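Subject: A structure to look over

Hello,

Here is the structure I promised to pass on. Please open it alongside this note, and I will walk you through what turned up.

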Amino acid sequence: MRSCQTIFKQFLNVRLRKFRFAHGYTQERMAEVLHISTRAYSDLERGKYSASALTMLFFMSELQETETLALLNDFRKVMHSALLLDEG
């Protein structure tokens, strides 16, 4: 069974990268947006570390309301699927 933290880390690194590319941001700009160092952002995007609650809130504050709801719904689906796989 993969841990919830591992699933979240993988989910978030994909979402961060998609957001960055969609907005034409560099890793340096994303780090500024998230109020973390460029190195920390790079590590996040590569899945080396998981985002802190504060970093996640800074990310969500950059999203439109519909994007925030989509992010939460997508995460719910990913977690639900992972839990079903673990049960089966």
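Before the details, one term: two residues are in contact when they have heavy atoms within 4.5 Å of each other. Please also keep in mind that this is a predicted model.

Confidence comes first. The average pLDDT over the protein is 92, and 94% of the residues score at least 70. Among the elements, α2 has the highest confidence, with a mean of 98, while α5 has the lowest, at 89. As a general caution, coordinates should not be read in detail where pLDDT is low.

A good place to start is Phe8, which sits in helix α1. Setting aside neighbours within four places in sequence, Phe8 is in contact with Ser50, Ala51, Met56 and Phe75. Ala70 is 62 residues away from Phe8 along the chain, and the C-alpha atoms of the two are separated by 15 Å.

Next, the core. In soluble globular proteins, nonpolar side chains tend to be buried together. Here the largest nonpolar core has 16 residues, and the ones that touch the most other members are Leu12, Leu16, Leu34 and Phe59. Two or more residues come from each of α1, α2 (27–34), α3 (38–46) and α4 (53–62). The top contributor is α1, with five residues. If you would like to follow one member outward, try Leu34: beyond its neighbours within four places in sequence, Leu34 is in contact with Leu16, Tyr41, Thr55, Phe58 and Phe59.

Then there is His35, found in the loop between α2 and α3. Its phi is near 60 degrees, a positive value in a residue that is not glycine. Is His35 buried or exposed? His35 counts as exposed because its relative accessibility is 55%, and the cut-off for exposed is over 50%.

Finally, the largest pocket, with a volume of about 180 Å³. Which residues line the largest pocket? They are Arg15, Lys18, Phe19, Ala22, His23, Phe59, Leu63, Glu67, Ala70, Leu71 and Asp74. Sorted by class, the lining has six nonpolar, one polar and four charged residues. Both α1 (4–22) and α5 (65–87) supply at least two residues of this lining. You will recognise two names from above: Phe59, one of the core residues that touch the most other members, is in the pocket lining, and so is Ala70.

Enjoy exploring, and do write back with any questions.

Best wishes

Key:
Residues numbered from 1 in each chain as written. Predicted model: local features only at pLDDT ≥ 70, side-chain atom pairs only at ≥ 80, totals over all residues. Heavy atoms only, no water. 1 Å grid on protein atoms, 1.4 Å probe; cavity = no way out; pocket = protein on both sides within 12 Å on 5 of 7 lines; lining within 4 Å. Points joined across faces, edges and corners; volume = space filled by probe spheres on them. Helix = DSSP H or I, 4+ residues; strand = E, 2+ residues; numbered from the N terminus. Nonpolar A, V, L, I, M, F, W, Y, C, P; charged D, E, K, R; others polar. Core = buried A, V, L, I, M, F, W, Y, C linked by side-chain atoms within 4.5 Å. Buried < 20%, exposed > 50% of the residue type's maximum accessible area, 1.4 Å probe, protein only. pLDDT = per-residue confidence, 0-100.
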